[in-house]
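The following exercises practise reading a protein structure step by step. Attempt each task before consulting its solution.

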Amino acid sequence: MLTWCNRALDPLTAVNGALFPALLAAFVIGSAFAKSVTAGAMTFVSPCECQGQKSGSRWPAKTDPSPVPLDKSTLQAVTPSQIYEWKAPEPSVPLTPETDTRIAAEQKWYNLTGHLVSVKVEADGDITLVLKDADGKKAGSVGAEIPVGPEWCELRKLIFGWTPQSFPFSFKASQRLELREQHIITVTGMAFFDVDHAPANRSNRRTKPKKYAVWEIHPVMALHVDQ
């Protein structure tokens with residue numbers, strides 16, 4: 001009569017039997033992570049860490065880490081509709097996608113206050129905050145951008161905290177995030193004329209989206225939640 005079925009399991013067999021489900025689960029999780037990372041050209045691993053981002057034009061100017069001036073009188077208060085009415089730099093001003101330094105008009109500091117209407121993430125790792133006037137009476141949307149880097153990590157965590165976004169996630173060009181919290185905020189930073197998005201006549205009117213200024217705040221160096 002066969003009796004091996006009644007024997008206790010070999011200890012090694014028991015261990016292997018316990019490990020197999022755990023290893024299988026780890027494999028499935030690892031495969032899902034790898035798929036999410038490689039699905040697109042750009043991956044946000046966390047609010048402060050990106051993989052595969054592409055450096056855009058005028059990168060040194062866009063990531064200028066100059067701190068907010070201690071002299072608050074140098075900070076000019078402005079609204080999105082006011083920036084929307086700004087003039088573009090004169091044609092005589094040497095400004096191209098290869099211009100790494102800031103022109104004179106881009107060295108002025110502003111406190112831009114507006115209603116946060118949308119948040120996008122970009123292929124260069126930036127987070128773009130789109131602001132309109134808080135009272136909604138005048139036209140004009142303005143972007144305020146937060147780059148990748150240790151100087152901006154806390155700001156990025158704050159913004160992602162207003163969304164239900166999970167990590168990691170990938171995309172190819174840009175992606176709009178769902179906002180579960182909408183605030184009126186004030187962002188502080190220097191002005192920046194994003195010549196890449198300027199029309200052929202280099203006016204302060206983007207072709208897409210409509211009623212969107214070419215001038216923006218870039219990079220954002222401080223943010224206050226007004227309400």
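**Exercise 1. The largest pocket**

How do the residues of the lining of the largest pocket divide into nonpolar, polar and charged?

*Solution.* The model examined here is predicted.

Step 1. Establish the size of the pocket: its volume is about 310 Å³.

Step 2. Identify the lining, which consists of 20 residues. Those nearest the centre of the largest pocket are Lys-62, Glu-122, Asp-124, Glu-145 and His-197.

Step 3. Sort the lining by class. Eleven residues are charged, six are polar and three are nonpolar.

**Exercise 2. The second largest pocket**

State the volume of the second largest pocket, and determine which element supplies the largest share of its lining.

*Solution.* Step 1. The volume of the second largest pocket is about 160 Å³.

Step 2. List the lining of this pocket: Val-117, Ser-118, Lys-120, Val-130, Lys-132, Ser-141, Arg-176, Pro-209, Lys-210, Lys-211 and Tyr-212.

Step 3. Compare the list with the strands. At least two lining residues come from each of β4 (109–122) and β5 (127–132). The largest share belongs to β4, with three residues.

Step 4. Sort by class: five of the lining residues are charged, four are nonpolar and two are polar.

**Exercise 3. The chain as a whole**

Describe the secondary structure of the protein chain, and then its burial and contacts.

*Solution.* Step 1. Count the elements: there are four helices and ten strands.

Step 2. Read their order from the N terminus: α-β-β-α-β-α-β-β-β-α-β-β-β-β.

Step 3. Consider burial. Of the 227 residues in the protein chain, 43% are buried. The chain exposes about 12600 Å², and 59% of this area is supplied by carbon and sulfur atoms.

Step 4. Consider contacts between residues at least 6 apart in sequence: 72% of them join residues at least 24 apart.

**Exercise 4. One face of a helix**

Why do the buried residues of α4 line one face of the helix?

*Solution.* Step 1. Find the buried residues of α4 (residues 153–160), which are Cys-153, Leu-155, Arg-156, Ile-159 and Phe-160.

Step 2. Look down the axis of α4. The buried residues fall within an arc of 160 degrees, so they line one face of the helix.

Step 3. Recall the general rule. An α-helix has 3.6 residues a turn, so residues three or four places apart point the same way.

**Exercise 5. Cis peptide bonds**

Where are Pro-168 and Pro-209 placed, and what is omega for the peptide bond leading to each?

*Solution.* Step 1. Pro-168 is in the loop between α4 and β7 (169–171). The peptide bond from Phe-167 to Pro-168 is cis, and its omega is near -5 degrees.

Step 2. Pro-209 is in the loop between β9 (184–193) and β10 (215–225). The peptide bond from Lys-208 to Pro-209 is cis, and its omega is near -15 degrees. Pro-209 also appears in the lining of the second largest pocket.

**Exercise 6. Positive phi angles**

Are Arg-58 and Arg-202 buried or exposed? Give the backbone angle phi for each of them as well.

*Solution.* Step 1. Arg-58 is in the loop between β2 (49–51) and α2 (59–62). Its phi is near 55 degrees, a positive value in a residue other than glycine.

Step 2. Arg-202 is in the loop between β9 and β10. Phi of Arg-202 is positive, about 55 degrees, although this residue is not a glycine.

Step 3. Apply the cut-off for burial, which is under 20% relative accessible area. Arg-58, at 2%, is buried. Arg-202, at 18%, is buried as well.

**Exercise 7. Two residues of helix α3**

Which residues do Ile-83 and Ser-81 touch, leaving aside those within four places in sequence?

*Solution.* Step 1. Ile-83 lies in helix α3 (residues 80–84), and it is buried with a relative accessible area of 0%.

Step 2. The contacts of Ile-83 are Val-78, Leu-112, Val-142, Asn-204, Ala-213, Trp-215 and Ile-217. Although Trp-215 is 132 residues away along the chain, its C-alpha atom is separated from that of Ile-83 by 6.8 Å.

Step 3. Ser-81 is also in helix α3, and Ser-81 is buried with a relative accessible area of 6%.

Step 4. Ser-81 touches Asp-133, Lys-138, Ala-139 and Gly-140. The C-alpha atoms of Ser-81 and Ser-141 are 7.0 Å apart, with these positions 60 residues apart along the chain.

Definitions and conventions:
Residues are numbered from 1 along each chain as its sequence is written. This is a predicted model: local features need pLDDT of at least 70, side-chain atom pairs count only at pLDDT 80 or more; totals for chains, interfaces and linings use all residues. Side-chain values use heavy atoms; hydrogens and water are left out. On a 1 Å grid over the protein atoms alone, a cavity is a set of points where a 1.4 Å probe fits but cannot get out, and a pocket is an open set with protein on both sides within 12 Å along at least five of seven lines; lining residues have an atom within 4 Å of a point. Grid points are joined across faces, edges and corners, and a volume is the space filled by probe spheres set on the points. Ala, Val, Leu, Ile, Met, Phe, Trp, Tyr, Cys and Pro count as nonpolar, Asp, Glu, Lys and Arg as charged, and the others, Gly among them, as polar. Buried means under 20% relative accessible area, exposed over 50%, partly exposed in between (1.4 Å probe, protein chains only). Contact means heavy atoms within 4.5 Å. Accessible areas come from the Shrake-Rupley method with a 1.4 Å probe; for residues, only the protein chains shown count as cover. The arc is that of the directions from the helix axis to the C-beta atoms.
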